[in-house]
Amino acid sequence: MNFFPSRTLAFYMAKMLTLRTLAVLALLVLVLQALDLLGESGRILAQEGNGQGELWTYVTLRAPQLVARFLPFAVLLGTIVTAATLNQNSEVISMKAGGLSAHQILAPLIITSMLVAIISFLFNETVVAPATARLSAWEKVEYGPIPAASNVRTNVWVRDGSNLVNAKTVIGRGTDVVLRDVTIYDRSSNGLRSLMEGKEATFTGSSWTMTGVTQFNVLTGTEEQKDSIIVGDTLRPDQFTLANVNAEGLSFWQLRSAIAELKEAGRPTMGLEASFWHKISGPLSAVLMPLLGAVAAFGLARSGQLFVRAVLGMALGFAYFVADNFSLAMGTIGAYPPILAAWAPFFLFFLIGETVLIRTEE
């Protein structure tokens with residue numbers, strides 16, 4: 001039952017996996033970031049006043065997303081390279097000759113991947129979620145000036161009966177919501193009667209006070225300006241704050257709070273609940289990678305099957321990612337229960353990996 005009979009061997013294998021994972025991750029992020037920047041640089045530079053600084057800003061906001069998304073891929077490839085190297089150099093044979101089982105050989109790799117999963121979760125919470133929220137807000141304003149507030153939503157549309165309300169910027173939550181650059185389309189019988197624009201609107205408890213108002217009457221063709229006006233006595237603040245909840249742009253606890261608010265407002269939350277649980281199962285998928293890629297570590301290298309085993313380990317890993325994305329998509333549309341959508345692929349491929357390992361080596 002001693003899974004770490006040799007501390008030196010455990011640190012040796014953990015170091016191998018860590019260095020190879022970081023190398024693969026750096027290569028993936030570098031290549032994908034360069035390709036992504038080539039596709040977006042035209043749109044960024046098309047905005048007047050944008051230059052090299054804005055390109056670097058985009059890189060700093062986009063790179064954390066790439067790191068979070070491809071870290072499990074990097075652990076998988078790092079595991080396969082590590083396992084193949086140990087097999088090729090007959091180090092696995094030496095370990096097995098010393099009395100180590102397949103699970104004992106893999107134990108240092110699994111512990112290392114657990115640490116990677118914890119770091120990945122913390123990185124997602126502190127870096128990825130804020131960067132995603134800021135990048136999403138920046139994209140919605142066509143790479144113009146980035147809103148300074150962290151709890152900003154941009155270009156929010158709300159339906160109020162037959163009328164449409166558009167707020168270019170929504171700041172705050174609850175009753176402290178502030179709408180900026182507001183446009184109200186007063187419609188009747190599918191026709192536009194008037195257009196009302198205001199600089200800012202604040203919630204007063206039962207209605208909204210909009211300031212800097214310009215009202216254009218479509219029927220008469222006249223325009224009228226007012227300092228302030230009371231509007232939207234049927235509009236609720238949560239219609240603006242919960243209109244577009246981006247799960248990737250919220251941390252674990254922020255998403256939990258948003259789901260609670262949506263439930264209180266009587267709105268469906270199954271898709272967000274699946275994303276909520278996936279914030280745990282996603283980083284934890286790194287723990288599966290040593291188990292799925294371990295098939296490359298065993299078998300005789302001289303048999304000529306090392307390449308086949310490496311490909312099999314890679315196929316198992318990529319099959320997991322396909323199943324995980326499919327399950328999450330089913331959970332998002334409500335076809336799967338949220339917990340099942342987030343956790344079913346993890347436990348399924350854990351059992352597959354254990355079955356392959358036990359059948360072939362134990």
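**Figure 1. Helix α2 and the largest pocket.** In this predicted model, helix α2 gives the most to the lining of the largest pocket, with seven residues. The pocket itself has a volume of about 870 Å³. Its lining is made of 27 residues, and the closest to the centre are Ala68, Arg69, Glu248, His278 and Leu328. If you would like to trace the walls, start with the elements that give two or more residues to the lining: α2, α4, α7 (270–284) and α9. Sorted by class, the lining of this pocket holds twelve nonpolar, nine polar and six charged residues.

**Figure 2. Thr82, a buried residue of helix α2.** Let us stay with α2, which covers residues 52–88 and includes Thr82. Is Thr82 buried or exposed? With a relative accessibility of 0%, Thr82 counts as buried. Who are its contacts, once residues up to four places away in sequence are set aside? Thr82 touches Met16, Leu17, Arg20 and Leu109.

**Figure 3. The largest nonpolar core.** This view shows a core of 43 residues. Which of them touch the most other members? They are Ile105, Leu106, Leu288, Met289, Leu292, Phe298 and Tyr320. The elements that give two or more residues to the core are α1 (7–46), α2, α3 (91–97), α4 (102–140), α8 (288–293), α9 (306–332) and α10 (338–360). Helix α2 provides the largest share of this core, with ten residues.

**Figure 4. Met289 and its contacts.** Here we look at Met289, one of the residues that touch the most other members of the largest nonpolar core. Leaving out residues up to four places away in sequence, Met289 touches Pro72, Val75, Leu76, Thr79, Tyr320 and Phe321. Tyr320 also appears, like Met289, in the list of core residues that touch the most other members.

**Figure 5. The largest cavity.** How many cavities of 30 Å³ or more are there in the model? The count comes to three. The largest cavity contains about 60 Å³ of space. Eleven residues line this cavity, and Pro5, Ser6, Leu9, Gln104 and Pro108 are the closest to its centre. Helices α1 and α4 each supply at least two residues of the lining. By class, the lining of the largest cavity has nine nonpolar residues, two polar ones and no charged ones.

**Figure 6. The second largest cavity.** This cavity has a volume of about 50 Å³. Around it you will find Val165, Leu179, Val182, Ile184, Ala201, Trp208, Met210, Val231, Leu235 and Phe240. Strands β3 and β5 (208–217) are the elements that give two or more residues to this lining, and β3 gives the most, with three. What classes of residue does the lining contain? Ten residues are nonpolar, none are polar and none are charged.

**Figure 7. A second, separate nonpolar core.** Alongside the largest nonpolar core and its α2 share of ten residues, the model has a second, separate core of 19 residues. Among its members are Val182, Val213, Val231 and Phe240. Three of these names may be familiar: Val182, Val231 and Phe240 also line the second largest cavity.

**Figure 8. The hairpin of strands β2 and β3.** Strands β2 and β3 form a hairpin, with six residues between them. In the turn, Gly172 has a positive phi of about 95°. The two strands run antiparallel and are joined by seven bridges, with β3 covering residues 178–188. To follow the pairing, find Ala167, whose bridge partner in β3 is Val182. Asn166 stands opposite Thr183 in β3. Strand β2 (residues 163–171) is largely enclosed by the rest of the structure, because seven of its nine residues are buried.

**Figure 9. Strand β3 and its pairing with strand β4.** Strand β3 is also joined to β4 (residues 191–203), through ten bridges. These two strands run antiparallel. Which residue in β4 does Thr183 stand opposite? The residue is Glu197. Thr183 can therefore be followed both ways in this view, because it stands opposite Asn166 as well as Glu197 in β4, next to a strand β2 that has seven of its nine residues buried.

How values were computed. Residues numbered from 1 in each chain as written. Predicted model: local features only at pLDDT ≥ 70, side-chain atom pairs only at ≥ 80, totals over all residues. Heavy atoms only, no water. Buried < 20%, exposed > 50% of the residue type's maximum accessible area, 1.4 Å probe, protein only. Helix = DSSP H or I, 4+ residues; strand = E, 2+ residues; numbered from the N terminus. Pairing = 2+ DSSP bridges. Contact = heavy atoms within 4.5 Å. Core = buried A, V, L, I, M, F, W, Y, C linked by side-chain atoms within 4.5 Å. 1 Å grid on protein atoms, 1.4 Å probe; cavity = no way out; pocket = protein on both sides within 12 Å on 5 of 7 lines; lining within 4 Å. Points joined across faces, edges and corners; volume = space filled by probe spheres on them. Nonpolar A, V, L, I, M, F, W, Y, C, P; charged D, E, K, R; others polar.
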